[in-house]
Amino acid sequence: MSFWQKYIFSTDHKIIGIQFLFVSLFFLLVGGLLAIQIRWQVGFPGKPMPLGGLLPESMAVGGVILPEYYIQLVTMHGTFMVFFAIMPLLVGVYANFLIPLKLGTHDMAFPRINMWSFWLALLAGMIMLAGFFVPDGAARAGWTMYAPLSARPDLSGATLAQQLWCVSIVVLGLSSVMGSLNYITTVINHRAPGMTWFRMPLSVWALFITAILGVLALPVLQGAAIMLLFDQTIGTHFFDPVAGGQALLWQHLFWFFGHPEVYILILPAMGFVSDILANGARKPIFGYHAMIWAIVAIGFLGWIVWGHHMFMSGMNPMLAGTFMITTLMIAVPSAIKTFNWLGTLWRGNIRFHSPMLHALAFVALFVIGGLSGVFLAAAPVDIPLHDTYFVVAHIHYVLFGGSLFGIFGAITFWFPKMFGRMMNEGLAKAHFALTFLFFNLVFFPMHMLGSGGMMRRLYDPTQYPHLAAQQGTNVFISVSALLLFASQSLFIVNFFWSLFRGRRASANPWEAGSLEWSAPSPPPHGNWGGVTPTVFRGPYEYSAPEAKNDYWLQSEPPAGRPATGSH
Amino acid sequence: MSYAAAATMERGPSSFGVYNLKLGMWVFLLSEVMFFTGLIGAYIILRFARPEQFAEPGVVLNVPLTALNTFILICSSVTMVKAYAEIERGNQKGLRTYLLATVVLGLVFLGIQAIEYTVLSHEGFVPMADQYAAHGRQGGEAVLGGPLYGATFYTMTGFHGTHVSIGVFCMIFTTIKAFRGGYSATSYGGVEIMGLYWHFVDLVWIILFTIVYLI
């Protein structure tokens, strides 16, 4: 195969996963760059930002961020992180890379559709990024694009960029549906002999349910984005009350997509963490079946809770009670998962390798984010807290503390399988320690700021007397945020250094049980060289007394039976 | 289709006895269901919120013409089923005839929809809020309904028309392949998934015709 076929227009699921990895890490960096600019402005309003002089006059004058640019920053930070960093990192990278390897098959069900899914995602990202380079600046109605601000250029001050946002989301939705139908078909039809539903690793279960959510949720957002685009371009008024449209309709459509999306952003991380925790604790995952039913329950409940984003929107207050109860119900499967993780760790012979540290952090931080979620789910508590930094703290505890720590765990865990080299363990641990520390220093004080009434997306807190006393906290957060961002350089250095210079990885460096560890690192095209492994057991058989290495690979036959592979 | 026939088309074991292409199409159609659910849901909400913007059935829209068009689309679903039945029995000639008939019926549907759009926009029934001036088929002075009527009508029927166009486009390739003898009694997955898509588009139209034109 030529270089182009092998690495660029590849249909190999592993290459596509790696392509997604590089692209979405780039967008993660973009999102981070936007975030530290936000923190500069909130911490040091009116002060010229270092290197801010490089920005054009329409964004910052003399390095001082303009309000018009600030709202673009918060809009695009949310958009990039949700749609182009976290979602593809969890699903685009690991659903592609792991599903065929963990199920014991040579590739996805539709390799060419898979390739298109990647290129459409990249196209969507480029369209979104183009927003910063059009004359009137990037989209600026918040990542939730609430109408009528998003629908009317005369209100938002942006014409083309708002349209680019809608077009990008429609293209991304197409990419997501193509990817998801691939994952679903592969999981149903391409399991190796012996790989029954209840021998699948929890990461595959989580990715499978996530794919179902993606197939059902993204089209609703696409439809809504197209209607919004019509409002902006041909002059319909779906979401503009001036001509009879309904601003609330946008919120309903957006959050009907948006809440399943929240679980798209966390379920895969829960799956990865389950794999890593069992591996690090050297114990079978506690309550394997309960974990699966909890994933299914979260996936189902995610469809009937969207109104909790709209308690204060003017929606009929009668509905708030309903949405509050369904939302609080999600705490049940979430708690099942948390206690099962703790049960897995209980009396385990824990190996504190860097993926394990990230997984442990995931559990701790997800619990904090989950508990602040219970606050916000309760309508009476949400009334004072909505639209404050308490919400910002909550979303970052689940999306950064949860999803992103899960992603860092996954990257360090599967890096040897992806590239055939180990990451540097010392650098990985240092990166983990600094990220964990500064993450908490940034986001925990935001709970206090929010309770103190600091509004989110606020340009200049010093303008408000009730926030002036808290400005010290804001400065503290901003300094911590800069340090958090700087700490990521350890990850970048480690990633690229290990890519070329890392220690060669064996097939199974973590002594794990699932099928991908029975293939060479990195696996060749076709994964097992034309042989399909046969599966004899579940994926978490650690500390098995009769096993010779204290764990069983799924493809190892019971004692006394020869290993077989079918061609 | 027998399981053995399916297995010859795609590799790998199958949990539900549904081969890859068909399963993939079903999942894709699920996403399409959600897409139209979003649009139809928005329509229902807007119509209940602003009943005065929606004219009485048949006053602005030409119901008899569209009823004829609905009949044509249903007929095209019948010819699609016949095409599938013919190739299942290995009848190449029947497959080609019925596929061709389906393409023609699809094109007729699109043609009638294009005529309908032209006439309606001449009568002032347009999606643009500031240009909306629907006087209805009787041509009176009063403006009937409001801009949401035009906007929802063109969005829903327009997206359906787009789906029919894509269907006809793909069906043309299926037909060309059929004329080249690309399908047989043991290998006709392409015809089957084309049929699934076509019936879905037909079903969506029956729902749209009911809620947009009749009630």
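In this predicted model, the centres of domain 1 and domain 3 of chain A, taken over C-alpha atoms, sit 36 Å apart. The two domains still touch: 14 residues of domain 1 of chain A and 19 residues of domain 3 of chain A take part in the contact. On the domain 1 side, H3(A) chips in the most, with four residues. That side of domain 1 is a mixed bag, with seven nonpolar, three polar and four charged residues. As for where the bounds fall, domain 1 covers 1-265 and domain 3 covers 506-567, while domain 2 is built from two segments, 268-287 and 294-504.

Taken as a whole, chain A holds 18 helices and four strands. Its radius of gyration comes out at 24 Å, close to the 24 Å that the globule rule gives for 567 residues, so chain A is as compact as a globular protein of that length. The C-alpha trace of chain A spans about 75 × 50 × 50 Å along its principal axes. Burial and contact range fill in the picture: 57% of the 567 residues in chain A are buried, and of the contacts in chain A with a separation of 6 or more, 81% link residues 24 or more positions apart.

Now for the nonpolar cores. In soluble globular proteins, nonpolar side chains tend to be buried together. Here the largest nonpolar core runs to 233 residues, and the members that touch the most other members are A:Ile86, A:Leu207, A:Phe208 and A:Leu228. Helix H3 of chain A (residues 67-103) gives the most to this core, with 25 residues. Leaving aside residues up to four places away in sequence, A:Ile86 touches A:Met81, A:Leu265, A:Leu399, A:Ser403 and A:Leu404. There is also a second, separate core of eight residues, among them B:Phe125, B:Ala129, B:Tyr132 and B:Ala134.

That leaves the interface between the chains, where 30 residues of chain B are in contact with 30 residues of chain A. On the chain B side, the elements giving two or more residues are helix H2 (20-49) and helix H5 (147-179). Of the elements of chain B, H2(B) gives the most to this side, with 15 residues. By residue class, the side of chain B that touches chain A splits into 18 nonpolar, 10 polar and two charged residues.

Terms used:
Residues numbered from 1 in each chain as written. Chains lettered and ligands numbered in written order. Predicted model: local features only at pLDDT ≥ 70, side-chain atom pairs only at ≥ 80, totals over all residues. Contact = placed C-beta atoms within 7 Å. Nonpolar A, V, L, I, M, F, W, Y, C, P; charged D, E, K, R; others polar. Rg over C-alpha atoms; globule rule 2.2 N^0.38 Å. Buried ≥ 20, exposed ≤ 12 C-beta atoms within 10 Å, placed from the backbone. Core = buried A, V, L, I, M, F, W, Y, C linked by C-beta atoms within 7 Å. Domains from an automatic or database assignment.
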